[in-house]
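Here are a few notes to go with your first look at this protein. Keep the structure open beside you and take the points one at a time.

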Amino acid sequence: MRDSRRNSRNTQRRSSRTTSSSTQPSRRVPQSESGMQRTGARSRRAIRERQRKKQRRRMLSRICIAVLVLLAIIFAPTIFFQVSTVDVSGDTRYKSEELIKSTGVKEGDNMFFLDTKQIAEDLKKDYPYLDTVKLHRKMPSTLQIEVTDRTEALSLEQKGKYFILDLTGKVLEEKKSAAKGTATVTGISTKGLEVGTTIDADKQDKIASVIKLLELADSYGMKAHIKTIDVEKAYDVRITYDKQYTILLGALEESNLEHKIQFLKAILKEPSLPETGVIDLTDEKEARYRPTEDTTEDVVVDEKALEQ
């Protein structure tokens, strides 16, 4: 019985200590330490906010600079690069004032907004003799037009009218007389020819053959000596050489045309050649020449003899 009471009292004491221990208040953080933590957090937030503001300002500055540069690129040419002078250089028959007026370029026009390619094409269309047209911008305000003319090569004659062509087959001009220094060509219809156009070799085969003849003669230094070309009969083409000789070429076949030009050049060096007369090159292997076309006595020159 006494043991039972003793055990009961021991149990109550342990329970009382346990209750007392569990009800003790927890340790509290000092007020000064808590305040320092809050101050540090606020400081870090403030630093981060300042950094974000700096980044936004930096980004805004970059955008503003980019916009200003773009505006400068767009408006600087308009403001600073305006045409004040247009010059023409090169060897041409056309007057500079005439060409400048035809460009349509006016003082104050923007240099960079000019369509130089179109201007060059329009000039070549309006002025058939122009061969090359190049436009150069010379900063800050000069437009330079560089031109060269085509060279007249032949004058097509029909019914007292002459169409002047160059070696590309372009019709340069229509005149009442042959152009100086060109071969006068007869026996070709000028129907359908227009100034500024270029002949169609497929439709104008006679003109194409004459041009080929003159190109070959030019390559051998003989073009300037050819005064007339008669192609009335395609099988009996005749040329006048320096008003001294009538050259009978026969048909202008491209396959043997260069051979005939070479043959002619060799014959013209012959010591026995008369000062005037007829040179017959219709035979590819031998040439004949005589004082006049009516003479029956021909001097025959074999091609092999010339080579020796």
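**Notes for a first look**

1. Let's begin with confidence, since this is a predicted model. The mean pLDDT of the protein is 84, and 80% of the residues reach at least 70. Please be careful with residues 18-23, though: their pLDDT is below 50. This stretch also makes 0 contacts in the model beyond near neighbours in sequence.

2. Next, have a look at the surface charge. Arg-50, Lys-53, Lys-54, Arg-57, Arg-58 and Arg-62 together form a positive surface patch. To find your way there, start from Arg-50, which belongs to helix H2, spanning residues 31-80.

3. Now for a detail of the backbone. Met-139 and Pro-140 are linked by a cis peptide bond, with omega at about 10°. You will find Pro-140 in the loop that runs between strand S2 (130-138) and strand S3 (142-149).

4. One more backbone angle deserves a visit. Which sign does phi of Asp-242 have? Phi is positive there, near 55°, in a residue other than glycine. Asp-242 sits in the loop between strand S9 (237-241) and strand S10 (245-250).

How values were computed: Residues numbered from 1 in each chain as written. Predicted model: local features only at pLDDT ≥ 70, side-chain atom pairs only at ≥ 80, totals over all residues. Heavy atoms only, no water. Patch = residues over 30% accessible without salt bridge, like charges linked within 9 Å, V, L, I, M, F, W, Y side chains within 5 Å. Areas by Shrake-Rupley, 256 points an atom, 1.4 Å probe, with all protein chains shown as cover. Salt bridge = Lys/Arg side-chain N within 4 Å of Asp/Glu carboxyl O. Lys, Arg positive; Asp, Glu negative; His and termini not counted. Charge placed at Lys NZ, Arg CZ, Asp CG, Glu CD. Helix = DSSP H or I, 4+ residues; strand = E, 2+ residues; numbered from the N terminus. pLDDT = per-residue confidence, 0-100. Contact = heavy atoms within 4.5 Å.
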